[in-house]
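Okay, everyone, I've got one structure to walk you through today. Have a look at it first, and then I'll talk.

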Amino acid sequence: MKLKYLAVLALFATLFFVACGGGGGEEESAQPESVTIQVTQSDNYFGATPDNATNPPKWNVNAGGQVSIELTNNGTTEHNWAVIKLDADMPEAFDTATNSDLILKETGLVAAGESFRESFFAPSEAGEYLVICTVAGHYPSMQGRLVVN
Ligand SMILES: [Cu+2]
């Protein structure tokens, strides 16, 4: 009788271990942390200084994580915020008529003085993604990097 009791106890102990082991696996597959990025646009550059070509502003996000973009256009003309596909073969001047297939994600044109907010999911592939303004003549002087970690 006592032996049977011990056998049941051992069975429960085993089940408990299996259940706890499964819990660890759930943590590993948890969603990446969401982040908020702030983007400012001016004529014709992103961020604080007009040296994007040599010193592009960087926005850090988590691979596959949710990104809330808070964008403000402080310029006097419309601007875009377009993430280019990783390792795309970029032309010297971006032409929306022929180069739109290079765009991975974009806010679309934001009018002068307007703000734009949206949530989207970051690419699942890590890397430094080129971000440009697609308005004619604004790239390469207007660019940044979406850094996916
Ligand atoms: Cu622009």
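**The sheet, the core and some odd backbone spots**

So, let's begin with an open sheet of four strands, in the order β2-β1-β4-β7, with mixed pairing. Strands here are DSSP E runs of at least two residues, helices are H or I runs of at least four, and both are numbered from the N terminus. Two strands count as paired if DSSP finds at least two bridges between them. The edges are β2, at 45–46, and β7, at 115–121, each pairing on one side only.

Before I go on: this is a predicted model, so to speak of local features we need pLDDT of at least 70, side-chain atom pairs count only at pLDDT 80 or more, and totals for chains, interfaces and linings use all residues. Residues are numbered from 1 along each chain as its sequence is written.

Back to that edge. β1, residues 35–42, runs antiparallel to β2, and two bridges join them. Serine 42 has tyrosine 45 in β2 as its bridge partner. In the loop between β1 and β2 sits asparagine 44, and the peptide bond from aspartate 43 to asparagine 44 is cis, with omega near -15 degrees.

Zooming out, the protein chain has two helices and nine strands, in the pattern α-β-β-β-β-β-α-β-β-β-β. Of its 149 residues, 23% are buried, meaning 20 or more other C-beta atoms within 10 Å of the residue's own; exposed is 12 or fewer, partly exposed is in between, and C-betas are placed from the backbone.

Now the core. The largest nonpolar one has 22 residues, and Tyr129, Val131, Ile132 and Leu146 have the most contacts inside it. By that I mean buried Ala, Val, Leu, Ile, Met, Phe, Trp, Tyr and Cys joined through C-beta atoms within 7 Å. The largest share, four residues, comes from β8. Take valine 131: leaving out residues up to four places away in sequence, its contacts include Trp81, Val83 and Leu146, a contact being two backbone-placed C-betas within 7 Å.

Two more backbone spots. Tyrosine 139 and proline 140 are joined by a cis peptide bond, omega about 15 degrees, with proline 140 in the loop between β8 and β9. And aspartate 87, not a glycine, has a positive phi of about 60 degrees. Where is aspartate 87 found? In the loop between β5 and α2. Buried or exposed? Aspartate 87 is exposed, because there are just 9 other C-beta atoms within 10 Å.
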